[in-house]
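Colleague: I am new to this structure and should be grateful for a close look at a single part of it. Please choose one helix and follow it to the space beside it.

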Amino acid sequence: MYDPANWLQQQAGQMGIVLSEEQLSQFERYYELLVEWNEKMNLTGITERGAVYEKHFYDSLTVASAVELSAEGTKLADIGSGAGFPSIPLKIAFPTLKITIVDSLAKRIRFLEEVVKQLGLRNVDCVHGRAEDIARLAEHRDRYDVVTARAVARLAGLNELCLPFAKTGGAFVSMKGSDIQEELSESRFSLDKLGAKLTEVKRLELPLEQSERHLVVIAKIGATPKIYPRKAGMPLKSPLV
Ligand code: SAM
């Protein structure tokens, strides 16, 4: 009989990710907390168990098909993580990751701190603030092997929020839905300005729902020029296009 947890384990296996019973319990506890806290605050429009396992958990894990995450000590920053996507599922699946989560909404950060505590996750730093401000701090700037963002903004603006976190030689993986051609061409100028280049666009499909997804993989090829990111609000209000 179909069970979302078994289904996730199988699908993860096809991506080369082996999920133990303990990791499956962490996913299940995360699901329970998501639904429980969603009654008090707006975390997600998706609450049906199978849909959460596919559209949030499975979808988050697909990042592993685009970048290497299993190397010991890999540092990942998730910008605009909301209820924890994609970084919390990635942390459950790849326990050696060192994660920094940045979100401008304090109550979502409080939720994530509770998730981290209840799931017993180590090396997850939940930072409340706008990416534009946090990226100016020396401990976060040009520091991360991998930067992720899902459903935060259009790519041209998002590049300015996310690329300053990536180190030279690191990657930014932007998780997108369908119809991305216009966004991609619109983002070329910002890549140039921010010392980055597009390396791959990976097309995926959610296995059950069959909706289209894209992972836009961007390589950071040089340090972020000092003027970026511009002051909070500017990157999305007036993107580099
Ligand atoms: N990544 C999650 C997901 O896919 O479910 C959440 C997406 S939610 C639509 C966008 C999140 O980005 C929100 O939690 C919002 O608070 C955060 N956000 C928007 N602008 C931001 C900024 N400039 N700096 C940090 N977080 C930001």
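Modeller: The account below concerns one helix and the pockets of this model. The model is a predicted one, and the part chosen is helix α3, which covers residues 49-61. With 13 residues at 1.5 Å a residue, α3 should span 18 Å, and its end C-alpha atoms are 17 Å apart, which agrees with that expectation. At the N-terminal end of α3, E48 acts as a cap. A side-chain oxygen of E48 lies 3.2 Å from the backbone nitrogen of G50.

Helix α3 is mostly covered, with 11 of its 13 residues buried, that is, under 20% relative accessible area. G50 is among these buried residues, as are Y53, E54, H56, F57 and Y58.

H56 also leads to the largest pocket, since this residue is one of those nearest the pocket's centre, together with F85, R150, A151 and V152. The lining comprises 22 residues in total, and the space inside is about 360 Å³. At least two lining residues come from each of α3, β5 (166-176) and β7 (212-220). By class, 8 of the lining residues are nonpolar, 8 are polar and 6 are charged.

The second largest pocket has a volume of about 270 Å³. Its lining has 16 residues, and V152 appears again among those closest to the centre, with G80, S104, L161 and L236. Here β2 (98-103) and α6 (131-134) each supply at least two lining residues. This lining has 8 nonpolar, 4 polar and 4 charged residues.

Note on methods:
Residues numbered from 1 in each chain as written. Predicted model: local features only at pLDDT ≥ 70, side-chain atom pairs only at ≥ 80, totals over all residues. Heavy atoms only, no water. Helix = DSSP H or I, 4+ residues; strand = E, 2+ residues; numbered from the N terminus. Expected span 1.5 Å × (residues − 1). Buried < 20%, exposed > 50% of the residue type's maximum accessible area, 1.4 Å probe, protein only. Polar contact = N/O pair within 3.5 Å; in protein donor to acceptor, adjacent residues only side chain to side chain. 1 Å grid on protein atoms, 1.4 Å probe; cavity = no way out; pocket = protein on both sides within 12 Å on 5 of 7 lines; lining within 4 Å. Points joined across faces, edges and corners; volume = space filled by probe spheres on them. Nonpolar A, V, L, I, M, F, W, Y, C, P; charged D, E, K, R; others polar.
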